[in-house]
Amino acid sequence: DNIQEVVNENVQKLDDLHHKVDILVNKEKKVNTSTAIGQEGESWVLKAIQEAFPNNSKIILVSGVGDISFTVENTNKRIMFEVKNYQRGTVKGSNKGSDIEKFFSDMQQTKLGDRYDAAVLVSLHCPVDRDTPSMYPMVHKESQIPYMYIDNARDNADSSTFFKCCVNVMMFMINHVDSNQDPEERKKTLEDALQKTIKLQTKYQEHRKWYNSGKKPLDEMKNDLDDMYLHLGGTPQTPRKTPEKRNQ
C-alpha cells in the first residue's frame with residue numbers, strides 16, 4: 001500500500017509538471033505569434049516611409065524606444081514611429097491603456113541619444129483612440145513634444161504618399177514648436193494648413209483607389225499635395241513636369 005501511494009503521488013507530480021510545461025509552451029507560441037505579427041506591421045510601415053523618402057538613409061528599425069526612428073535629412077531632428085497591429089477594438093482599450101502610456105514614455109527617452117522631437121502612433125487596422133481624431137497633431141503638455149495618432153493605416157491605397165504627408169505635418173509641428181510664434185497664431189496657421197492637407201489627402205487616397213482599378217492618372221492631385229508639403233515645411237519629392245515648348 002505504501003508503495004502504491006508513493007507511485008500515485010509521483011504520477012500526480014508528473015501530471016502537474018506536464019500541465020505546467022503545456023502552459024509555458026502555449027504562452028511561448030502566443031508570444032511568438034504576436035511578435036511575428038508586430039514585426040510584419042513594423043516592416044510594412046518602414047517600407048512605406050522609405051519609399052516616401054528614398055534618399056534618406058536614416059530611417060531605421062529600433063527597439064525599446066519606439067519601432068522606427070526617422071531622422072529628418074540635413075538636421076538632427078528625429079521622429080519616432082510606434083506601430084500597433086491590433087485587429088479590433090482600439091489601441092487605447094487594449095492592455096488597459098499601457099500601450100498609450102509607453103508611447104508617451106518612449107518619445108521622451110534618451111536611450112538612443114537625445115529625446116525624440118516628435119512622435120507618431122500608427123494603428124494598422126483599428127482606431128488608436130475614438131475620442132482623438134486621426135492625423136491631428138497635438139503637443140504633449142509635459143514635454144512639449146508634438147505627436148499624432150494614425151488610425152487604420154492599412155486602409156490607405158498609397159501608403160508612401162500617406163506617410164510623406166504625415167512626416168511633413170510633423171516637421172511643420174517641430175519647426176513651429178521650436179519657434180517663438182504666438183501660440184494662437186501658430187494654432188490658426190496649423191488648423192488652416194491641416195484642414196487643407198487632410199482634405200487633399202482624403203481626395204488623393206480615394207482617387208488612388210480608382211487609379212489602381214484602371215481609372216485616370218493623378219498628376220494634378222499629386223502636384224496639389226506637393227504644394228501643401230512645401231507649405232508645411234517639406235520638400236516635394238516628385239518633380240513637376242515642365243510643359244514642352246511648341247515650335248512656332
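## Close-up views of a predicted model

**Overview of the protein chain.** The protein chain contains five helices and six strands, and the model shown in every view is a predicted one. Read from the N terminus, the elements of the protein chain follow the order α-β-β-β-α-β-β-β-α-α-α. The protein chain has 248 residues, of which 41% count as buried, and it exposes about 15,400 Å², with carbon and sulfur atoms supplying 49% of that area. When contacts between residues at least 6 apart in sequence are considered, 63% of them join residues at least 24 apart.

**View 1. The six-stranded sheet and the helix that packs on it.** Six strands form an open sheet with mixed pairing, in the order E1-E2-E3-E4-E6-E5. Strands E1 and E5 (138-139) stand at the edges and have a single partner strand each, so one side of each is left without a neighbour in the sheet. Helix H2 (residues 98-107) packs on this sheet, where it touches E3, strand E4 (118-123) and strand E6 (146-150), and the direction of H2 makes about 145 degrees with that of E6.

**View 2. Strands E1 and E2 and the hairpin between them.** Strand E1 (residues 59-61) runs antiparallel to E2, and three bridges join the two strands. Within this pairing, Ile 60 has Ser 69 of E2 as its bridge partner. The hairpin of E1 and E2 has six residues between the strands, and in it Gly 64 takes a positive phi near 90 degrees. Strand E2 (residues 68-71) is covered on both faces, with Ile 68 and Phe 70 buried on one side and Ser 69 and Thr 71 buried on the other.

**View 3. Strands E2 and E3 and the hairpin between them.** The pairing of E2 with strand E3 (residues 78-84) is antiparallel and extends over four bridges. Phe 70 has Ile 79 of E3 as its bridge partner, while the partner of Thr 71 in E3 is Arg 78. Six residues lie between the strands of this hairpin, in which Asn 74 takes a positive phi near 65 degrees.

**View 4. The surroundings of Glu 42, a buried acidic residue without a salt bridge.** Glu 42 has its place in helix H1 (residues 2-52). Although Glu 42 is buried, it has no salt bridge, and the nearest side chain of opposite charge, that of Lys 84, is 7.3 Å away. Because a salt bridge requires a side-chain nitrogen of Lys or Arg within 4 Å of a carboxyl oxygen of Asp or Glu, the 7.3 Å to Lys 84 does not qualify. Apart from neighbours within four places in sequence, Glu 42 is in contact with Leu 61, Asp 67, Ile 68 and Val 83. Of these contacts, Ile 68 is itself one of the buried residues of strand E2. Lys 84, for its part, is linked with Glu 82 and Asp 99 in a network of salt bridges.

**View 5. Two salt bridges that link distant parts of the chain.** A search of the whole structure finds six salt bridges, and two of them are shown in this view. In one, the side chains of Glu 40 and Arg 154 meet at 2.5 Å, N to O. This pair links distant parts of the chain, since Glu 40 lies in helix H1 and Arg 154 in the loop between E6 and helix H3 (159-178), 114 residues apart. Glu 40 counts as partly exposed because its relative accessibility is 40%, and Arg 154 likewise counts as partly exposed, at 28% relative accessibility. In the other, Lys 92 forms a salt bridge with Asp 129, and the closest N and O atoms are 3.6 Å apart. Here too the pair links distant parts of the chain, with Lys 92 in the loop between E3 and H2 and Asp 129 in the loop between E4 and E5, 37 residues apart. Lys 92 is partly exposed, with a relative accessible area of 42%, whereas Asp 129, at 10% relative accessibility, counts as buried.

**View 6. A salt bridge within helix H2.** Asp 106 forms a salt bridge with Lys 102, and the closest N and O atoms of the pair are 2.5 Å apart. Both residues lie in helix H2, where they are four residues apart, about one turn of the helix. Asp 106 counts as buried, at 4% relative accessibility, whereas Lys 102 is partly exposed, with a relative accessible area of 37%.

Methods
Residues numbered from 1 in each chain as written. Predicted model: local features only at pLDDT ≥ 70, side-chain atom pairs only at ≥ 80, totals over all residues. Heavy atoms only, no water. Buried < 20%, exposed > 50% of the residue type's maximum accessible area, 1.4 Å probe, protein only. Lys, Arg positive; Asp, Glu negative; His and termini not counted. Contact = heavy atoms within 4.5 Å. Areas by Shrake-Rupley, 256 points an atom, 1.4 Å probe, with all protein chains shown as cover. Pairing = 2+ DSSP bridges. Axes fitted to C-alpha atoms, helices over the stretch in contact; angles between N-to-C directions.
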